[in-house]
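Dear colleague,

I am passing on to you the structure that I have been looking at, and I would be grateful if you kept it open while you read the notes below.

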Amino acid sequence: MAPSATESTAHADGRVGRRIENYTAFWQKDISKEAEQDTGNRLDNYADVVNGYYDGATSLYEYGWGTSFHFSRYYKGESFYQALARHEHYLAFKMNLKPGMRVLDVGCGIGGPAREIAQFADVQIVGLNNNDYQVGRARQLTKKAGLEKQITYTVGDFMKLAEQFGENSFDAVYAIEATVHAPSWEGVYGEIMKVLKPGGVFGVYEWCMTDKWDPSIPSHKEVAHEIEIGNGIPEMRHLHKARQAFVNVGLEIEHEEDLADRPDPIPWYYPLEGDIGKAQTLWDMFTVWRMSSSGKFVTHHGLWFIEKLGMVPKGTWEVGETLKIAGDALVKSGREKYDPTHDRDQKTTRTTTATKTMTTPIPSPPALPFLGHIATLDRDIPQKTFDLLADQYGEIYQLNLITRQSILLASYEMQNELSNEKRFEKAVVGALEQVRNGMGDGLFTAYPGEENWGIAHRLLMPAFSTAKVRDMFGDMTDIASQMLTKWERFGPRHVIDPSEDFTRLAFDTITLCAMSYRLNTFYSENTHPFVQAMADFLAESGRRANRPPIMNTIMRGSNAKYEEDMQTMNALVLELIEERRKHPTEKQDLLNIMLNGVDQKTGQRLSDQSIRQNLLTFLVAGHETTSGLLTFTLYYLCKHPEAMRKLREEVDEVLGDQPLQLDDIGKLKYAAACLREALRLSPPATIRVVRSLEDTTIGGGKYAIQKGAVLAMLTAKCQMDPKVWGEDAREFKPERMYGENFEKLPPNAWQPFGYGMRACIGRPFAWQEAHIALASVIQKFDIVMHDPSYTLELKQTMTIKPKGFYIHAIPRNRSPSPVPVSLSSSLVDAPHMPHSRESSSEGADAHAGPKQKLYVVYGSNTGTSQTFAQRIASDAPSHGFKATLGILDSIVEHMPTDGPLVVVTASFEGEPADNAAHFFEWMQNTKGREMENVKFAVFGCGNRDWVRTYQKVPKIIDAVLEERGGKRLHERGEGDAQAAEFFQVFDEWEAQLWKTLAGEYGIAVAEQKSAASGIKMKTVDPGTSRAAVLRQPDAELGRVVENRLLTSPNAPEKRHIEFKLPESMTYRAGDYLSILPHNPARDVHRVISRFSLSPEQQIVLSSEGPTSLPVDKPISIFSLLSGYVEITQPATTRDLRDLLAVECSDATKTVLEDLSASYAEKVTTRRLSILDILEDHPDIQLPFGTFLEMLPPMRVRQYSISSSPLHDPTQPSLTVSVVEAPALSGRKDPFLGVASTFLASLRPGDMVQLAVRGSSAAFHPPEDVSIPMIMFAAGSGLSPMRGFLQERAAQKKAGRDVAKSTLFFGCRSPAEDFLYGDSDLKEWQELGIVDVRPAFSRCPEKSEGCKYVQDRAWQDRALVRGAYDHHNARLFTCGSGKMALGVKKVLTQMIKESRDCSDEEAATLFEKAIQGRYATDIFE
Ligand SMILES: Cc1cc2nc3c(=O)[nH]c(=O)nc-3n(C[C@H](O)[C@H](O)[C@H](O)COP(=O)(O)OP(=O)(O)OC[C@H]3O[C@@H](n4cnc5c(N)ncnc54)[C@H](O)[C@@H]3O)c2cc1C
Ligand code: HEM
Ligand SMILES: Cc1cc2nc3c(=O)[nH]c(=O)nc-3n(C[C@H](O)[C@H](O)[C@H](O)COP(=O)(O)O)c2cc1C
C-alpha cells in the first residue's frame, strides 16, 4: 500500500514524527515494480516526500557536505567550499543582482547559499523552506554569521508563493537545486512568476535529464529512480520540460547553459565518487573520504548506532542508505555524460541552468483600464489597426478586446503552424459570433461540432463541386453580360464604381445559380435593399463585437436598426423559399437540395430555420468576397500597366473577339495569377480565427498558448511575409502566382480561402465567376482610373473592399480618337477645380471654327505638362486647328491619324506620370508599324537633377513613335523645371510648333493672338454683400492639429506641422502629402490694387476654350486669385509679347522690348513676374481677364511626411522649410514661397486640401528591422528620415530587435536649426536605434571639423562601409539636388579608395552597388 500524508509528532528541532520513517515507503524497493501510481502518489504528497527526506538527510548533509546543499564545477586547485561559493556567485552574477534588491531564495536549505549571496551581492534575502528543522538551523547559522538583518527565513510552501508574499513582491528570485522537488515545474515557476516584479529576474540551478534520456529503457529508468529515491525527488524530468515550463508560465529565457557540459578536468560529481586521489586540497580529502567506501562504512554503522540510541529520529539510518544509492546513481549517470568515450547524450543526471526572466513574452500594446484595447481600434476599419500593430510588434501580439483576449499573428511561420486541425479549430468569436444573430448555426458561423453544420456541410458540399459549378457557366455569363451591356451603354465618360457593380454581379449570380431566381439588380438604379441591409448588418456586427457588452444593450437606436436590417434580409430569403415552394422545379440547385435533401449520415433534413440561415449565409458569403476580389484585381491592374498589358494579350489570344467559353477558363493562366495575387495582397476575408485545442507552444516553442486561447491570423500580413515573398512582398507581381511558381509555394503560404474542413465551400464557384467577369471586362474595355493618382483606401464591413475607387470603361472597339476622360487632378476631386476641362474644348464645336483636327495629349502628375497641353489646345483655334485634349492613357491602341498628335509629358524617377503609364507600357511593347500615319510632336517636362533619367519618358515616346512608323513633325522640346527659363523654353517651342503645323497643313500663319481674347468676365455681385459662408470646411479636408517653429529666430524658418487626415486615408513612412496651397495674401492684394478691384467682388468666368479657371459659377476676386493661379512665376517672352500687344506708353513699350531682348538676364535671373512688370508700369492697359489667362494654374506642392503611421496613423506631420528671402527682382518686399508661406500661416483647426501620395517602392524603411539604414539629409530633407526613425522607435519599443541606423544630418548650428536635435533625435539615440552624426556648417568645430553632410560621411566612412558590407544596410538621401550630388561623389570616392580603382571604374561600381539599396528624394 502506498503511504499517505503523514500525521505529526513534532520534535523540538522541527523534525516531524514518522515523516522520515515513512519516506522510503514512497518508493518501491524493486524498480521493476515501480508504477505510474507511485509517481502520482509522490506528486500528490510531495511535501511529505521532501520533508521526510530532509528531516532525515539534513544532518547527514551537514556532516558530509557542509551548509550549501548543492553541486558545483571545480577548477584545478580550487577547494571544495571555494567552488561551492563560486558557483553561488556565478548565479548572482548572471542574474545581475544589485545592492539593495529584495531577493527570494526558494528552497533555501539551511541558508548556506543565502549567506554567501547576501554578502557577495549585498542584497536582502528572504529564505523559504517547508522544512521547519532546516529553517530553524538556517536561522541559527545566520545569527552566528551576524547576517540576521540581511536574511530572514520563512517556513512555507513554494507552490503557494503569491499567497504568502503577495504578487510583484521581489526584484529577483533564485532557486538552487530545489525546484526539482516540486510536483510540477509549471506550478512552482508560475508562483515565482507571480511574486516577481515586472522585469524581475529568476535564476535557477535545475536538475534535469537530458533529452536523450529515455524512460522506456529500463537501465535509463533505473538511474532516474535511484536519483529520485536518493534525493527526495517525486519524479526526474526532461530538460525540454523545464524549458517549456518557463515559456508556459510567461517567463522569457535569457540565458541557459548546461554546466555539466563544460569540459572540466574535475567533474562535478567527484566528491561523490569517494576517490581521494581527486581531492584538490588537504581538507577536501576528509570530505571525499566521507563518500569513500571506508568513510561510508563508518558513517553507515555510526548512524545505525546513534539512531538506536535515539539521538537522531527513527528512519535517519534508512535515509542515509538511500543517500548512498543516490550518490552512486548520480556518479553513474554523470560519468556517462562526462566520459567522452561514452555516448554523451545517452543520459545524465543533472543540468544546471541560469535563467533570467522578463515579463509577458507575447507583447501587447498599452491598454486602457476597463476598455482594454477596444478604444485603440480604428472605428470603421479595425483591420487598419491590426495591420499597423503587426508592423510595429512583428509576428505576434496580444489584444484585450473585452469579450475576448486575442493573439494576433502576422507571419507565414505562424499561419503554417496554425494550419493543423489536430491542434487548432475554427473559433466563432468577435464579429463572426455577432453575425450568428442573423445566421445562427449556418455553415459559416456554426461553432465547431454543431450538428447542423455537419448536415448542411454533407448536403451542400457536392453542390459546390467543380463539376457542378461548371454547369452554372451559362447563368454566370448571362449576369456578366448584363454588366458589360450597362458599361457599354453608359459610355466612356461615365464614372463607374466597380465595387458597386461587382456587388450587383456577384449578388445576381449567386441568386440565379443557387436559387434560380433573378434579382435583376442591373436593371435598377439603386442597389437592392438586401445589399444595404446586409452591409449595415455586418458593419454593426463588427462594431458590436468591439463594444463592451453593456453598451450593446443600451444602444437602442442601433439595436432597432440592427433588427430592421435582419428583417430586410430575412424577407428576401423567405420570399425565395416561398417562391420555390409555390413553383417547384426539378433543377438540383442549392435551394432544392436544402429543401429536399436528406443527410445520409443522420437521416435528417435541414430545419426551416436552418434553410433560412444557410440561404442567408450563401447570399452574404457568396457576394461580398467575390465583388471585393474583382474590385481589388482591377485596382492592381490599373496601377500596374505591365500586368494589365499581359492580361490583355492573354485574353486577346485566348478569346479573340469571340465570347468566352467554359473551356477557355483553364487557359487564362495569367488571369488566374492576377486574381491570386490580388487575393494575396488584399484578401477580402481579412482574418482567420482559431482556438487552441491544447496547452501548447507556437513559433518553435517560443510562445506559450493555453488551451482555449483565441488566435487570429492576419491573412494579408501572413501572405506578405518577406521570408516567403522577399523584400518586395508588398508589390503586385502576378508572375509569382503564375503556373508552376504557384505550385512551388511553401504549404499554406497562400490561404485566402481559409483552411481545412472549415475552408471556403464556394471557392470553385467564386473562381469561375471571377474568371468570367475579369476576362469579359478586359476583352471589351480599356479600364482607366477616374483619378490616376488614386491610392488604395479601404472600407470594411466584415470583409474589406477598396473605397473611393472609380474607373472609366472605354470600349476597345471605339473609333481611333482620344477619349477625354477624367482630369488628372493632382488632388482627389479638389472642389475648387472644374472637373471636365476637356469637355469644354469640345464646346468649340458648336461655333463655326477651324475644321482641321489636332490632338493634344499629356502625361502629368503635378500639373505642368497639363498646363502646357492646355495652352496648346486653347491656342489652337487661333492657329486654325480644332483641338481635342486628353490624357495619354486614353489613346492606348487608338492612335489618332486624322490630325497631328502633340504629346506633352513628364518623367518621374524615369517612369511615366500616373495618367500615362498604360500608354507608355503599351507603346513600348508594340512591335510593328502601329504608328503608321501618326504625325506627332513631343514636348518633355523634366528636371536635370535626375541626371540619369532626365527627360527619359518623352525621349522614349518620341523615339518609339518614329520607330513604329510615325512621322515627326517637329523636333522634341525639352523643358528643365528647375531652370528659370522653363516656361520660356516651352513658349518658344510652341511658337515654332504652330509654324510647322501651318506649313504641314497649309494653314495661313495666324495673326498674333489678341491679348484680349479668351476669358470673358461678368460681374454678378459688385462686392457690397459678402457671401456669408464661402468655404464650408469639407469633411474630406485635412485639419491642422499643430504648427510649431523648430528653429531659432535668426535662422531660416522651419516648422513642424501636423494634420488630422480625412478618415480612411492612410500612409506609409516615406510617402508624401500633396498640398494645394493658397497664394500669400500679400501677393493677392498686390493684384487687387494693381487692377483696382474689390476683393469681395463676385464674378462669373466663361471660356471658349479649355481653362483651369473656375467657369460658369460666381466666385469672389479674392478666392479666384488666392486659389487658382500662380501669381509670382517669372514672365515668359510670350507674356511680354502679349503685354506689348496692349495699350501702353511708348516708354513702357521700349522697356518691354528691352526685357524681351535681354530676357535671360533681366527676367529669368531676376524671376521678374508679370505682376512685377505691371506694378512698375501702371500705364499697361491689360484687361484683368487676360491677365488671369496668362497666369499658370495653381500647382500642388509635395512634402515628404516626417512621421510614421506606427506613431499615429491618423496624424502625419510635415517638416517645412519656409521660403522667404530678399526678392531676386530687387523689390523691397521679400519673396514669399507660395505653399511654404501658406503652410507656415496655418493654425490648429484650419482645413487644408491634401492627399497622400505614395513614394517609390524603394523609399520606405526596410521591412526587416534588423537591416540598418544609413541616411543623409540636410535641412528639411530630414523629413522622411524622421518618419523612418519614428517607425523604428515604435518597433523597438514594442520589443523588436531593431538594428542601429546612422543619420548624417546637415544644418547651421546646434542652437539654430538642429531639427528635433534635443527631442526626438536625442530620445531615439538613447533608445539605441540611431547614431546621429551632424555637420554644422556655421560651427564645424562642433561636428568634428565637418561642415557638410558629405564631409562628415567621408570622415566616418569606415562606419558607412561597415554597415554596407556587413549589415546589408540600405542608403537614403533626401534634400537638395546639390547635396545629393555631394553624397553621391563621396560614396563613389569611398569605393575608389577601397578598390583602388579609377574614377570611371568607381562610378560604374557605384551604380552597381546601389542597385536596390540606395534611394534618393530630391526636393528642388
Ligand atoms: C518629392 C518632394 C518632397 C519634398 N519634401 C519637402 C519637405 O519635406 N519639406 C520642405 O520644406 N520642402 C519639401 N519639398 C519642396 C516643396 O515641395 C516646395 O518646393 C517648397 O516648399 C517650395 O515651395 P513654395 O510654394 O513655398 O515656393 P514657390 O512659390 O514654389 O517658390 C519656389 C520658387 O521660387 C524661387 N525662389 C526662391 N527664392 C527666391 C527669391 N529670393 N526670389 C525669387 N525667387 C525665388 C525658387 O527658385 C523656386 O523656383 C519637397 C519637394 C519634392 C519634389
Ligand atoms: C473570392 C471569394 C471568396 C473568398 C476570398 C472566400 C473566403 C472564405 C474564407 C476565408 C472562409 C473561411 C472562414 C473562416 O475560416 O472562418 C470561407 C468560408 C465560407 N465561404 Fe467563402 N469565400 C469566397 C467566396 C465564397 C462564395 C462564392 C461562397 C458561396 C457561394 C462562399 C461560401 C462560404 C461558406 C458557406 C463558408 C463557410 C464554410 C464552413 O465553415 O463550412 N464563399 N470563405
Ligand atoms: C519625385 C520626382 C521624380 C522626378 N523624376 C524625374 C526624372 O526621372 N527625370 C526627369 O527628367 N524629371 C524628373 N522629375 C521632374 C519632373 O518631371 C518635372 O518636375 C515636371 O515638370 C513635372 O511635370 P508635371 O507637373 O506635368 O507632372 C521628377 C520630379 C519629381 C517630383
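What follows is a short account of one ligand site and one helix.

Please bear in mind throughout that this is a predicted model.

I begin with ligand 3, which has 20 residues around it, and among these S860, T862, T864, S865 and T949 come nearest. Sorted by class, the shell around ligand 3 holds seven nonpolar, twelve polar and one charged residues. At least two residues of this shell come from each of α35 (864-875), β19 (901-908) and β21 (935-942), and β19 gives the most, with three residues.

Several polar atoms of the protein can be placed against the ligand individually. A polar backbone atom of N861 is 2.7 Å from an oxygen atom of ligand 3, while a backbone N or O atom of G910 lies 2.9 Å from an oxygen atom of ligand 3. In the side chain of W946, an N or O atom is 3.5 Å from a nitrogen atom of ligand 3. Taken alone, ligand 3 exposes 640 Å², and the protein buries 90% of that area.

The other part concerns helix α36 (residues 917-924), which is largely enclosed by the rest of the structure, because seven of its eight residues are buried. The buried residues of α36 are A917, H918, F919, F920, E921, W922 and M923. As for what lies over them, the cover includes the helices α27 (624-639), α28 (641-655) and α37 (952-963), together with the strand β20 (911-912).

With best wishes

Technical notes:
Residues are numbered from 1 along each chain as its sequence is written. Chains are lettered from A and ligands numbered from 1 in the order in which they are written. This is a predicted model: local features need pLDDT of at least 70, side-chain atom pairs count only at pLDDT 80 or more; totals for chains, interfaces and linings use all residues. Side-chain values use heavy atoms; hydrogens and water are left out. Buried means under 20% relative accessible area, exposed over 50%, partly exposed in between (1.4 Å probe, protein chains only). Helices (H or I, at least four residues) and strands (E, at least two) are DSSP runs, numbered from the N terminus. Contact means heavy atoms within 4.5 Å. A residue is near a molecule or strand if one of its heavy atoms lies within 4 Å of it. A polar contact is a pair of N or O atoms within 3.5 Å; within protein, one must be able to donate a hydrogen and the other to accept it, and residues adjacent in sequence count only if both atoms are side-chain atoms. Accessible areas come from the Shrake-Rupley method with a 1.4 Å probe; for residues, only the protein chains shown count as cover. Ala, Val, Leu, Ile, Met, Phe, Trp, Tyr, Cys and Pro count as nonpolar, Asp, Glu, Lys and Arg as charged, and the others, Gly among them, as polar.
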